[in-house]
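Here are a few short exercises to work through with the model open in your viewer. Try each task before you read its solution.

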Amino acid sequence: MEKSHELELTQMRKSVEKLGFSTEKYGDPTLMRFLIARSMDTDKASKMFVQWLKWRSSLVPNGFVVESEVPDQLEARKIFLQGLSKTGYPVMIVQACKHYPPKDHLQFKKFVVYLLDKTIARILHTEMLMHVD
């Protein structure tokens, strides 16, 4: 990582702490996502990160979505993780013809978080395996 990025990450961590939150559970790649999204402006990235933390804790208070919270979406069997691409990224197959507007919007939001968490976990698991080899 570049020296300038390390400085910006440190500044962002301090800004988040000033706002009353902690970055302890989150690594540099997560914080970099917010810095990049805000053109490396640490104040804007910190505010965005804190908003995300608040949103995430309100929607997913346990830190993850349990399958029993999204049964209707899982029963539709419309999205599948299908291994890895040639470049090592997870492949998600979406059958759009099986998607209908949800009756329970909160359950659908949790389903999207569930899918993204599973996909990101697959990416992290794959990267860990690649570094072990």
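The exercises below concern a predicted model, and each is followed by a worked solution.

**Exercise 1. Work out how α1 and α2 are oriented to each other, and which residues make the contact.**

Solution. Two packed helices are described by the angle between their axes and the distance between the axes. Start with the distance: the axes of α1 (residues 3–18) and α2 (residues 28–37) come within 10 Å. Next, take the angle, which is roughly 90°. Angles of 65 to 115 degrees count as roughly perpendicular, so α1 and α2 are roughly perpendicular to each other. Now look at the side of α1: His-5, Glu-8, Leu-9, Met-12 and Arg-13 take part in the contact. From α2 come Asp-28, Leu-31, Met-32, Phe-34 and Leu-35. Finally, sort these residues by class: six are nonpolar, one is polar and three are charged.

**Exercise 2. Describe the packing of α1 with α3, including the handedness of the crossing.**

Solution. Begin with the geometry again: the axes of α1 and α3 (residues 42–59) are 9 Å apart, at an angle of about 50°. An angle between 35 and 65 degrees falls outside the parallel and perpendicular ranges, and α1 and α3 are therefore oblique to each other. The crossing of α1 past α3 is right-handed. On α1, the residues in contact are Glu-8, Gln-11, Met-12, Ser-15 and Val-16. On α3, they are Thr-42, Asp-43, Ala-45, Ser-46, Phe-49 and Val-50. By class, this gives five nonpolar, four polar and two charged residues.

**Exercise 3. Locate Ser-39 and Arg-77, find the sign of phi for each, and decide whether each is buried or exposed.**

Solution. Take Ser-39 to begin with, which sits in the loop between α2 and α3. Its phi is positive, about 50°, although Ser-39 is not a glycine. The cut-off for exposed is over 50% relative accessible area; Ser-39 has 66% relative accessibility and so counts as exposed.

Move on to Arg-77, in the loop between α4 (71–75) and β1 (79–84). Arg-77 is not a glycine either, yet has a positive phi of about 45°. With 53% relative accessibility, Arg-77 also counts as exposed.

**Exercise 4. State how the chain is divided into domains and how far apart the C-alpha centres of the domains lie.**

Solution. First, read off the bounds: domain 1 covers 5–59 and domain 2 covers 67–130. Then take the C-alpha centre of each domain; the two centres lie 25 Å apart.

Key
Residues numbered from 1 in each chain as written. Predicted model: local features only at pLDDT ≥ 70, side-chain atom pairs only at ≥ 80, totals over all residues. Heavy atoms only, no water. Axes fitted to C-alpha atoms, helices over the stretch in contact; angles between N-to-C directions. Helix = DSSP H or I, 4+ residues; strand = E, 2+ residues; numbered from the N terminus. Parallel < 35°, antiparallel > 145°, perpendicular 65-115°, else oblique. Contact = heavy atoms within 4.5 Å. Nonpolar A, V, L, I, M, F, W, Y, C, P; charged D, E, K, R; others polar. Left-handed = near helix turned anticlockwise from the far one by under 90°. Domains from an automatic or database assignment. Buried < 20%, exposed > 50% of the residue type's maximum accessible area, 1.4 Å probe, protein only.
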